[in-house]
Amino acid sequence: MEIKQHIENLTPEIIAMRRDFHQHPELGFQEFRTRDQVKHFLAKTGIPVKEMAKTGVVGLLKGDRPGRTILLRADIDALPVTEETGLAWQSAKKGVMHACGHDGHIAMLLGAAKVLSELKSRIRGQIKFVFQPNEEDAGAWLMVKEGVMENPCVDAAFGCHLWSQIDTGTIDIRPGPVMAASHYFSLTIKGKGGHAGFAHESIDPIFVSSAVIQAVQAVQSREINALDPVVVMFTSAHAGTGSNTIVPDEMTLQGSLRVLYEGGEQDIRNRFARIVEHTCHAHRADYHLAFKVGNHLLSNDDAMVSLVRAAAREVTDAPNRVTGTVRTMAGEDFSDFATRVPAAFAFIGIRNTAKGIVFPHHHPKFDIDEAMLSKGTELYVRTTLAFLAKAGI
């Protein structure tokens, strides 16, 4: 059966799966029901599965002929958001919602697994279907640590995201950096407490913090090429007891550093740390600075992008609906796969003003245009078949 027709016949099941996952969302590393549903579906298709990374699932489909291995990924976690869509399949769990499209990602990849399993005789090589937990807090690293890239070794990876910032019917894919590296910092500035009436006897960490917050903005405005995107954000600041007579001993600041250019991750951290050090010392304060990697830079491989663009043109049947415009300072832990093998990450438009589907990711009224679920399934299928058909890329 022709691929489009096959997927069209499967579309009601794909939509039903998405709605079921949407109604039963689970937070990162708590996706137990989701894991069991995924395992059950893959087992029905004849695809062997194993659990990985606490609540993750990996299915391995071996084609009838030897060849390379491609990894296809869908993230499976939800968000701590109380849903306000009013949909018939609205979240049944208060305070937890699929507000980022991961429910659709799961359904699309399961649909692709079913189609590809029925095309096994045409497949040269192997396909790893990776259902990854805890994307919202960067859980991919644990799958890598537990060996998802091995046995068999992965030669390439592909993933996609339902994207609210582009119109339904559009598929966006471009080479190079597409999603930012995000590094989170925690900075404690240590001063000397005292009485507010005798400020000269104290070292006010709040005053020092204000100097640090201002000074580090020079990283993006004066030290980095203006064509290289950088964001320095402070998102939390805490100090003191609430008394208006006490200068606190210390103040804690938290935030993130984001970069969207090759080679920027360590550079931005070094510059930030240098300015913090010298600013604190100039004000006689000590400090403690710690970093945590949120996501590494997600950069698309040129050859993989060309392959996906060709597949996307077949999916849309309209070359002008395949674009290359999306670059975002949001992070994505698919980068943990993409830093190890040639990879591509595409964006599938789901904004549909006629249907009122206009709310951004992580919003309580976020929704997706379900008409694009079949397109995402087809993109997984065509990309996989095209990659495994080639001798090299």
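Visitor: Arg284, is that buried or exposed?
Guide: Exposed, at a relative accessible area of 60%. The cut-offs are under 20% for buried, over 50% for exposed and partly exposed in between, with a 1.4 Å probe on protein chains only.

Visitor: OK. What kind of model am I looking at?
Guide: A predicted one: local features need pLDDT of at least 70 and side-chain atom pairs pLDDT 80 or more, while totals for chains, interfaces and linings use all residues. Numbering starts from 1 along each chain as its sequence is written, and side-chain values use heavy atoms, leaving out hydrogens and water.

Visitor: Back to Arg284, what's its phi?
Guide: About 70°, so positive, although Arg284 is not a glycine. Arg284 is in the loop between H7 and S13. Helices (H or I, at least four residues) and strands (E, at least two) are DSSP runs, numbered from the N terminus.

Visitor: What about Lys54, what does phi look like there?
Guide: Phi of Lys54 is near 70°, again a positive value in a non-glycine residue. Lys54 sits in the loop between strand S1 (49-52) and strand S2 (56-62), and its relative accessibility of 57% makes it exposed.

Visitor: And Asn151 to Pro152, what's the peptide bond doing?
Guide: The bond joining Asn151 and Pro152 is cis, with omega at about 0°. Pro152 belongs to the loop that runs between helix H4 (140-145) and S5.

Visitor: Switching topic: His105, buried or exposed?
Guide: His105 is buried, with a relative accessible area of 0%. You'll find His105 in helix H3, which covers residues 102-117.

Visitor: Which residues does His105 touch?
Guide: Leaving aside residues up to four places away in sequence, His105 touches Ala74, Asp75, Cys100, Cys160, His161 and Leu162. Contact here is heavy atoms within 4.5 Å.

Visitor: Now the sheet: in what order do the 4 strands go?
Guide: The order is S10-S12-S8-S13, in an open sheet with antiparallel pairing. Two strands pair if DSSP finds at least two bridges between them.

Visitor: Which are the edge strands?
Guide: Strand S10 (230-239) and S13, each of which pairs on one side only.

Visitor: How many bridges do S8 and S12 have?
Guide: S8 and strand S12 (residues 250-259) are paired over 10 bridges, in the antiparallel sense. One spot to look at is Lys190, which stands opposite Glu250 in S12.

Visitor: Which strands does helix H5 touch?
Guide: Helix H5 (residues 205-215) packs on the sheet and touches S8, S10 and S12. Also have a look at helix H7 (residues 264-282), which lies across S8, S10, S12 and S13.

How values were computed:
Axes fitted to C-alpha atoms, helices over the stretch in contact; angles between N-to-C directions.
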